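Me: I am new to this structure. Please take a close look at a single part, the second of the chains, and then show me where it meets its partner.

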Amino acid sequence: MIKNYDVIIIGAGSIGVPAALAIAQKKLKVLVIDSLSSPGQANNKKAIGGIRATHSDYGKVKTCLRSIEIFSSWKDLYGDDIGWMSNGYSFPVYNESDEKNLKELMKIQHSFGLKIKWITAEEYNELVPGINTENLKGSSYSWEDGSASPLLALNAFYFKSLEFGAEYSFQETVLELKPEKVDSFAIVTNKNHYHTRYIINAAGNYAREIGALLNIDLPVYPDNHEAGITEPVKRFFQPMVVDMRKRPGSANYYFYQNNEGQVVFCITPDPPITGIDNDATSEFLPLCSGRMIEIYPRLSNLKVRRTWRGQYPMTPDGFPVVGPAPEYPNFINAVGMCGQGFMLGPGLGEILARIVTSELNEADEKILKNFDLQRDFSGMEKFK
Amino acid sequence: MNKNRITEHPILTVPEQEEITFYWNSRKLKARKNEVISSALFANRIKIFGHHPKDGSAQGIFCANGQCAKCTVIANGIPVKSCMTELKNNMIVESVEGLPELPELQENPNLKHIETITKAVLIIGGGPSGLSAAIELARYNIDTLIVDDKSALGGKLVLQTHKFFGSVEDSYAGTRGNDIGKLLAEQVRSFKCVEIWTNSTALYVFSDKKVGIIKDGTYKIVEPKVILNAAGAREKFLRFKGNTLAGIYGAGAFQTLVNRDLVKPAANLFIVGGGNVGLIAGYHALQAGINVVGLVEALPECGGYKVHADKLKRLGVPIFTSHTVLQALGEESVSAVKIARIDKNFQPLAGTEKTFACDTILIAVGLEPVAEFAEEAETAGIKVFSAGDAKEIAEASSAMFNGKITGIKIARELGFTKENIPDSWYEKAAVLKSEPGKITCYKENISQQDVYPVIHCRQEIPCNPCSTICPTNSIKIAGNPITGLPYYEGKCLGCAKCVAVCPGLAITLVDHRLDNEHPIVTLPYEVKNFRIEIGDELICTDIEGNMLGKYRVIKVSDLKANNHTQLIKIKADRRLADRIVSFRIQKDKLSTPAIETAEKVRIDETEMVCLCERVTAEEVLKLIRKGITDLNQIKAITRAGMGPCGAKTCDNLIKQLFRQEGIPLKNVEKNTKRPVFIEVPLGRFAGEERGDND
């Protein structure tokens, strides 16, 4: 039997689940298909949970500002604790060129109305007591940024979307996408046949493969990152600490103390390790702990509990690809989140819902322009 | 010295230890030098080490094996696992109340380069199978590294005070487990090609074919050609109301406290599970001067060897078969246990509940292999073998033999030998791990004249010391040379060597030569703290503990002779002499159900499945009933499995909940396992060099 939907989302992750919620809230018949066994089992659960609006471009800034509204009001609105904390982000700098770049960037951020300020090394030491202040020039501090539990948040979105009538099918793999009339598709999976008016490609690591089913070339290439989490202790520092310097073997790394009191940390290998490989390597722990202890020696007695490996589905310029495909206006990409799917998800989910209900506003159009597939990908993000 | 110390033991030597001082929540207390913090606390009658940040529940010892973090305390300002951290003189130890604070550093850590070491063979686990394999590898001079997380080699052999079964030739049958451990360790230490790292835990076999190991507090990377996973087994836990009170833990933890650290963690013990582990733990408790109030086993018969069960029954410990534990009672620590009879579907029968006062409940409901290192090695593409309990749960005698076979297999794999393993070895390996056979009746062919051994061994188990030791070769084995039942045929000199050697204490000697009507019966005995003297009147029992009347002791052998098995001679009655095997030592009163206890204490109805993150069965059931079949989603929502132990305990309990709900496990998505095996301070991965005990 062929099943009919208004919207079928491919991928029950950081983007697919909040999108399903927003679409179901608009009373459309929506199905989410995922090849794994439950929501968020690919890269969502690998995310460390940082959420910031302090990016450098209109698209990400506006999307994440809306995400922060959703994350921060969720508990009051629906009652579930998703671990939201407004603990802020900080980018401590240890050399003059980074200081200069960061201060330049802050000007752009202020122009978007973002709450971010420069603080001195002494002030920073109060926020992150015991931080290495040798050569510390100061830090940016954006106190309205924050964090939440990707695990709790995604499950909260998932259960809420079920209440609004969204449907999910797990352990199901999409095999074929067939354009039918101008505004509909047939989908063949390993289990079912479907008809749908819209398809949303939220397939994360596999976005490129899904695009290829319609001969759409999506420049999304996953690379591997490893992360870890410690035992919980009483809260001893506030913001996400992002050290953006490069060292042999790694680019930036970052860590924060989550709502449970556990320190979560992650590092960007340099050069990137491309592909999809979830098996842990012996390199990560020495690489990341060495850098963390250099900047924050106090962490040395904190016990590491678990580590894991996940992917950033990267685009060439570090910005996502979101919006209707030029050849197929009812095939909508929401891909290439470059490791920021969790923070972009709730905001993007609403925009995706407005695409399928033709309710896009001016701001949405402006955001989507930044994320346009047909943009020039040679530009690079200012600070990732 | 502290009251909760074992000061004398029939088997173990109690060493003279220097006394040191420490502080527990500002109280000045005494301890023994070189002991771990948890044992020092138990010796000072402290069972509660802190309270959980989530629900304020009392925390204390659970695995005593470094695997969980339930025993965490703050030592000199730093949260540590008390079961793995040596106490230092004047150490300031505090309970963990809620989340601990991370202290500020006194000085910046001194970071060094992390050493990478290549080895032909890495053996994870220095227990019976790992050591036996190392001995074979050393025959070919193969560059081998053994890592073991304890301070002494021998694995769980170190904790075994009883004489071993198995075969004399292949697995030291008749010798006590702790002595076997020492023999193997000595042998392995004599080889130059075998490097030994104690206090060292393997953390993970990474995908780049490297193994992360924390060596006595310093992080090392080892690159082996072959890995032998000889990491043993972990104990399963059980779901019942009140299962998280302090004083509920595994039999392995108990044996560590009692037989390694010589502390008395309990006064009155109740045991859940009648496999060999539970039965032996009960016997060890009696040897340590701890009362065993009772033992429940869900099946109609104990799964362990009949000789082990009988030893307990004869000394006066009731074994309740077809019973289950319903509930642990107590405020923060156990003060009583409630059990009930169960029907054939394992459902409790109303009206059969009994409550017993006790202060500790041991859970001995089975073991499961520590399989993760082998799985990780396979993923990484390193050739890996498993031996001992890590391969298949069986007796240590079997572990030694299959360790030996595996050692030769590894030597073959590395091209050091073309030696073939004879088929007969595999047959023997199968025999050594065989389950106990059915129980047979006595053979009624005893002459009741002169002197002769009475063999009370009525169940086929792999064991043969009696037939090996008899100087006139008059104890023979029917059928299979190891598992067959022994019988007496021939000439008895009355030397009683068979009585002293039998691991099951199931041979007696009946001597009619002095007085045909009142023969002298020689009985084996191993519980020193309940001292037997000449002239005592003993309530004698048959093999299963049925009372046969009172008889007087006429001779008691020296404790040190006969490998710590005392021989007690009693003057018996001709009619019953052949049936007497032992005598009661424990009073009936101890095991009399208490009626009042249940009402006196707060009733905790919680059945916990994840002790680390305090997740109840009810919370998980709610999700299962919503249709969730992915253990990872249950983990994401409840945090069950996200704690320090890494789902080592809750995984099984949650799977049981699925089965209970009628969901076959093949429809349940498995929990993803990730590094690291145990929690390790971040600084160590950065190359900080520090002994864990500094």
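Reply: Here is a walk through chain B, followed by its contact with chain A and a look at chain A itself.

Keep one thing in mind from the start: this is a predicted model.

Start with the domains. The domain assignment of chain B gives four entries. Domain 1 covers 1-101. Domain 2 is made of two stretches, 116-233 and 369-432. Domain 3 covers 451-586, and domain 4 covers 607-694. The C-alpha centres of domain 3 and domain 4 of chain B are 49 Å apart.

Now follow the chain B numbering. Go to the loop between β6 (78-81) and β7 (91-94) of chain B, where Asn90(B) sits. Asn90(B) is not a glycine, yet its phi is positive, near 65°. Why is that worth a look? Most residues other than glycine have a negative phi.

Next come two helices. α5(B) runs over residues 251-260, and α6(B) over residues 276-287. Their axes lie 10 Å apart, and they pack at an angle of about 25°. An angle under 35 degrees counts as roughly parallel, so α5(B) is roughly parallel to α6(B). The crossing of α5(B) past α6(B) is left-handed. Which residues of the two helices make the contact? From α5(B) come Ala251(B), Phe254(B), Gln255(B), Val258(B) and Asn259(B). From α6(B) come Val277(B), Gly278(B), Ala281(B), His284(B) and Ala285(B). By class, this contact holds 6 nonpolar and 4 polar residues, and no charged ones.

Go further along, to an open sheet. It has 3 strands in the order β20-β21-β22 of chain B, and the pairing is antiparallel. The edges are β20(B), residues 323-329, and β22(B), residues 354-357; each pairs on one side only. On average, neighbouring strands here are turned by 25° against each other, direction ignored. Look at one pairing in detail. β21(B), residues 336-341, is joined to β22(B) by 4 bridges. Here Lys338(B) stands opposite Thr355(B).

What holds such strands together? Strands of a sheet pair through backbone hydrogen bonds, either parallel or antiparallel.

Now move to β31(B), residues 537-541. It runs antiparallel to β32(B), residues 547-556, and 5 bridges join the two. In this pairing, Ile539(B) faces Lys550(B). The two strands form a hairpin with 5 residues between them. Gly545(B) of this hairpin takes a positive phi near 100°. β31(B) has another antiparallel partner, β34(B), residues 582-583, joined to it by 2 bridges. There, Cys540(B) has Phe583(B) as its bridge partner.

Further on, look at the loop between α16 (650-660) and β37 of chain B, the place of Val676(B). The peptide bond from Pro675(B) to Val676(B) is cis, with omega near 0°. Most peptide bonds are trans.

β37(B) leads us to the partner chain. This strand, residues 680-681, pairs with β17(A) in the antiparallel sense over 2 bridges. Lys303(A) stands opposite Pro681(B).

How many residues does each chain give to the contact? Chain A gives 37 and chain B gives 42. On the chain A side, these elements give two or more residues: α5 (150-163), β12 (221-232), α7 (284-295) and β17 (303-314). By class, the chain A side has 14 nonpolar, 15 polar and 8 charged residues.

Finally, look at chain A itself. Its domain assignment gives domain 1 as 2-66, 150-220 and 317-370. Domain 2 is given as 86-145 and 221-314. The C-alpha centres of these two domains of chain A are 28 Å apart. In the contact between them, 20 residues of domain 1 meet 25 residues of domain 2. The domain 1 side of that contact has 9 nonpolar, 9 polar and 2 charged residues.

Chain A has a cis peptide bond to find as well. It joins Asp270(A) and Pro271(A), with omega about 0°. Pro271(A) is in the loop between β15 (262-270) and β16 (273-274) of chain A.

Methods:
Residues numbered from 1 in each chain as written. Chains lettered and ligands numbered in written order. Predicted model: local features only at pLDDT ≥ 70, side-chain atom pairs only at ≥ 80, totals over all residues. Domains from an automatic or database assignment. Contact = placed C-beta atoms within 7 Å. Nonpolar A, V, L, I, M, F, W, Y, C, P; charged D, E, K, R; others polar. Pairing = 2+ DSSP bridges. Axes fitted to C-alpha atoms, helices over the stretch in contact; angles between N-to-C directions. Parallel < 35°, antiparallel > 145°, perpendicular 65-115°, else oblique. Left-handed = near helix turned anticlockwise from the far one by under 90°.
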